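Here is a short report on a protein structure. Keep the sequence and the 3D view at hand while reading.

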Amino acid sequence: MFPKKKQRRLLAFVLTAAMAAGSVTVCAEEETQEKVSSDGVVNAESASNYITDDFSSDMIDTNYSVVSQSLSSPYYEGEPIRVLAADHFRPVSGTEIVSDAGYAGGGGKAVKLQIHDSGIVTVDVPETARYYVGVDYMDAGNSVLPLELSMKVNGEYQFYELRDLEFEAAWKDPAEKSYDRYGNQIVPMPDKMEKWQSKYVMDASYRHSRPLAVELQEGENELEISMIEGTMLLGEISLTREPAIAAYTGSRKAEGQNLISIQAEAMTERNASSIRAACEYDIDLDPYEVETKTLNTIDNASFSEAGQKVTYEFEVNEGGTYYLALNFKQSEKADFPVFVNVEVDGQIPNSAFYNYGLGYAKGYQTKTFVDADQNKLSLDLEPGVHTISFTISADPIRHVLEGVDKIMSGVNNLNLEITKVAGTNKDKYRDLDIEKYIPDAIDRLTEYAGTLDELCESVKVYNPKVKKIGAFSSASVASEQLKSLAAEPDKLAFRVAELTTSTNSVNQFLANLIDSLNKNQLGIDRIYLYQEGAKLPGNAGFFASAGASVKRFVTSFASQAYSTANTDESHLQVWVNRSRQYLEIMQKMIDEDFTAKTGIEVDLALMPDQNKLILANASGDAPDIATGINYAVPFELGIRSAIKDLTEFDDFVEIADRFEEGLLVPATIDDGIYALPETMNFWVLYVRTDIFDKLGLETPDTLQDVKNLLPSLQMRGMNFYYPTAGMLAMRNFHGTTPLILQNGGSLYTQFAGDSNLTSEGSVAGFKELTELFTIYNLPKDIPNFYQHFRNGSMPIGIADYAVYNMLLNAAPEIANSWEIYPIPGTVDASGNILRYSSGGAESTVMFASDPEREAKAWEFMKWWSSAEVQAQFGQNVQITYGSSFLWNTANREAFAMLPWKTRDKETILAQAEWINESPRLPGSYMVEREISNAYNSVVVDGKNLRRTLDNAVKRINRETERKLEEFGYNDQNGNVITPYEVPTLERVREILGKTERKGGEGE
């Protein structure tokens, strides 16, 4: 007889097989058989054996709030203990001691740590206690990314936050303002300040606005520091008591008539390069111009994240007591304030300036800082130069964020348990007594709803005037939904999707709540320090505002900045299919670099509609160059002879070598290539490493590894995401072709008009694709993989650049809990792992014109696609607008230089070698549509695969022949006039004069 532990594992494994394959009879013991139905329902006794797992994240179980409550040691109250890292440092890997680091506290000595370096600092403490760790550091790298490191205490992470610590650089704007050629002020490129800074160990998500304390034992302790990103010079480490904030004991009257006004957009420094100024056409802002663009406020979208800090230097001519006021806008969190910590000369003056709430309003408002009794808060300032800083804080709502995290984890666990019991096939006409299998299910739902109600009630202290706070409406909706589910326990199995998987699920509402609470969006126009006798500037009256609006409306008709109507025949005309933010940086780089070197003038214009380029060409209004257009558009232009065959330029082969050859396939027509790739859309494997480590699972390298992994996931109610599940309208080439290519198939034979979908390799690949869903039970429709990956219900999957950007910028709570890897491939007969994937994104094309203009246009295309320019542009965009503006350049060399995480760049470039984009040719839209229809017929409707593909091929060939006739390749009787050779990776290499692929042949 099996031990009970092994019985449970065996039963859980068989249950997964039952869900996928149908009715099964299983022997859990030699004497006992359990019947498992086709939808996976088992009896209550069996269910109790395997509903045991709790997969809550380490972020929840071991975060600082939880761990600090379990510690019994006191907080250290003695004098600071200071350790010079260079004298107490033991390298583990890499690192070096720099003797001339300019660090005043250590005779110039410092420890230099670069990516993957690590070392141990030994500290000796007089007592077992909790200490606050201060660090003197300098960011010595060139990256826009903050320094990122982890810290173990005596060989372990005492709490989750120590896995990801950030130390920001200081940034400042250049002294001179920046203007474009139209006289509009534009956001300048900030400069990184080379200076030593001091910072305590803090939570990287800044849910805690105070430092984090670590527990050290009496005697020697080891702090192991490992660099994750950046280059750091490490000076002194100090162990101290908690940094104190003076208690607020009341305010003083600010006698006098002085008024100090500070323009908020003119920051002295900030801790994130992306915090930037913006122009708003609002007469209540200063400065304000009607005809030109003038930066006059902090862009509220850029000053949004907890921990972001802006600092201003100002001079006080007459010392005394002053009040503090702001002209600001906070219009995102309905009925709820955004909190800031105010520092004067580097210190929070008193507790009244700690977590101060700036209230909600639709427009700009001037408010003086007041205490709970509405008394104006005062500051005592001596004559001379001072600084004032504002840091966004999430500390007052930390209990909400952590509480919601815990509820989401609990809801996810409950969803997994119900799925184990009820199976995957839901029948609304069948009641299932969930309480028989999960006795506390209803109690848990009720508890979660009650907790949400309590959290909503707890924040009313910040706005007691309203009945319900609008910013927390998602929590209220989730609570009502949980109560509704608890009220109908017999229908819970049928409604289980309302917990986590549907677009209107409880966890979706809670995820939306967290996203909205993390976005603070504070815009500041002016800062005032004033005395009682001074008068603050007021808002413009109704008539002045109305007049300004009318004048602005009239002026807008005359504005020609970046307009396609603003043409100069002597200049190159370049239309850009991107937002104005990109154009401003592009135009500045062009004027200062390209035009300065070549003398060729270039006018950029916002592209009205990329789909109307064909009409623009027909009417004679086409530009010289169009860039940022979808990678499929060049074929539509090229087949109509609207754009230039770039292979006609002598140095094309040299320029084309900047890109992966697979990206050139869609732009290939006959013997010509009609576009240069501008960006690429990479597909990689995303893995929640925290969950995989907890379950002891390995990252799959092949598709067979994925299949072997599925029982371990599915027995716990988890699954693998394949990208076709997210393509709800049409399963496009990005999702359907990789497995066809990996199995030796193709979409066409050598010439157009003969689909190759029924070949052995294509059928094998399509079968492999569809069986992932029909046999291996992958989910068929997942509208939002990002949310499932984020909450852990789908801890692994293949996805693209968009998911990468969202995880990096909108899921700070799982930072350092996920990694990317090359996609699992298919092993060929030689034992090589084939990882073919799509990668097309945006392209650049040249419209046909006279030889002189084409030569100038080619010079521009070579300049724009060069590694130096692409890397500089990507860095400029990211420095200026933040990490959400990731520039995914198609230039391999430039991509390696971008300010992205180093390990991620290596993975993306390795996978990029396998890009093999689908060809575009007459009627290819029908191929994409028919493959999608065939997929739905097999996966959703259960149709026969081969018969479905046979019918699809007939429709594809018929439409392809019609389009070949339209473009003159066939005559009206279907006879071939000129064979249309299908573009392939091999054909591109022939055109480029290459016989071997550059990479990607093996693993």
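The text below covers strands, backbone features, salt bridges and a charged patch.

This is a predicted model, in which local features need pLDDT of at least 70, side-chain atom pairs count only at pLDDT 80 or more, and totals for chains, interfaces and linings use all residues. Residues are numbered from 1 along each chain as its sequence is written, and side-chain values use heavy atoms, with hydrogens and water left out.

## Strands and sheets

Strands here are DSSP runs of type E with at least two residues; helices are runs of H or I with at least four, and both are numbered from the N terminus. Two strands pair if DSSP finds at least two bridges between them.

Four strands form an open sheet in the order β38-β39-β37-β40, and the pairing is mixed. β38 (720-721) and β40 (819-821) are the edge strands, each pairing on one side only. β37 (residues 683-687) runs antiparallel to β40, and three bridges join the two. One contact to look up is V687, whose bridge partner in β40 is E819.

β6 has two antiparallel partners to follow. Strand β5 (residues 96-98) pairs with β6 (residues 110-113) over three bridges. Within that pair, I97 has V111 as its bridge partner. β6 also pairs with β18 (residues 232-240), again in the antiparallel sense and over three bridges. There, L113 of β6 is partnered by M232.

Next comes β16. Strand β8 (residues 129-139) runs antiparallel to β16, with four bridges between them. A129 stands opposite L216 of β16. In a regular strand the side chains alternate between the two faces of the sheet. In β16, A213 and E215 point to one side, V214 and L216 to the other. These four residues are all buried, and both faces of the strand are covered. Buried means under 20% relative accessible area, exposed means over 50%, and partly exposed lies in between (1.4 Å probe, protein chains only).

## Backbone features

Most residues other than glycine have a negative phi, and most peptide bonds are trans. Three places depart from this pattern.

D286 and P287 are joined by a cis peptide bond, with omega about 0 degrees. P287 sits in the loop between β21 (277-278) and β22 (297-298).

H116 has a positive phi, near 75 degrees. This residue lies in the loop between β6 and β7 (118-125). H116 counts as exposed because its relative accessible area is 55%.

Q521 also has a positive phi, near 45 degrees. Its loop runs between α9 (506-518) and β30 (523-530). Q521 is buried, at 16% relative accessibility.

Helix α9 also holds S516. With a relative accessible area of 31%, S516 is partly exposed. S474 is 42 residues from S516 in sequence, yet the two C-alpha atoms are 9.4 Å apart.

## Salt bridges

How many salt bridges does a search of the whole structure find? The count is 56. A salt bridge is a side-chain nitrogen of Lys or Arg within 4 Å of a carboxyl oxygen of Asp or Glu. The table lists three of them.

| Acidic residue | Basic residue | N to O distance |
|---|---|---|
| D395 | R398 | 3.3 Å |
| E498 | R495 | 2.9 Å |
| E959 | R962 | 2.7 Å |

D395 is buried, at 15% relative accessibility. R495 is buried as well, at 13%, whereas E498 is partly exposed, at 23%.

E959 and R962 both belong to helix α27 (residues 945-966) and lie three residues apart, about one turn of the helix. E959 is buried, with a relative accessible area of 12%. R962 is partly exposed, at 44%. Elsewhere, E488, K491, R495 and E498 are joined into one network by salt bridges that share partners.

## A negative patch

Which residues gather in a patch of negative charge on the surface? They are E77, D124, E127, E218 and E220. Patch residues have over 30% relative accessible area and no salt bridge, and like charges are joined within 9 Å. Asp and Glu count as negative, and the place of a charge is CG of Asp or CD of Glu.

E218 lies in the loop between β16 (213-216) and β17 (219-229). E218 counts as exposed because its relative accessibility is 58%.

Note on methods:
Patch = residues over 30% accessible without salt bridge, like charges linked within 9 Å, V, L, I, M, F, W, Y side chains within 5 Å. Areas by Shrake-Rupley, 256 points an atom, 1.4 Å probe, with all protein chains shown as cover.
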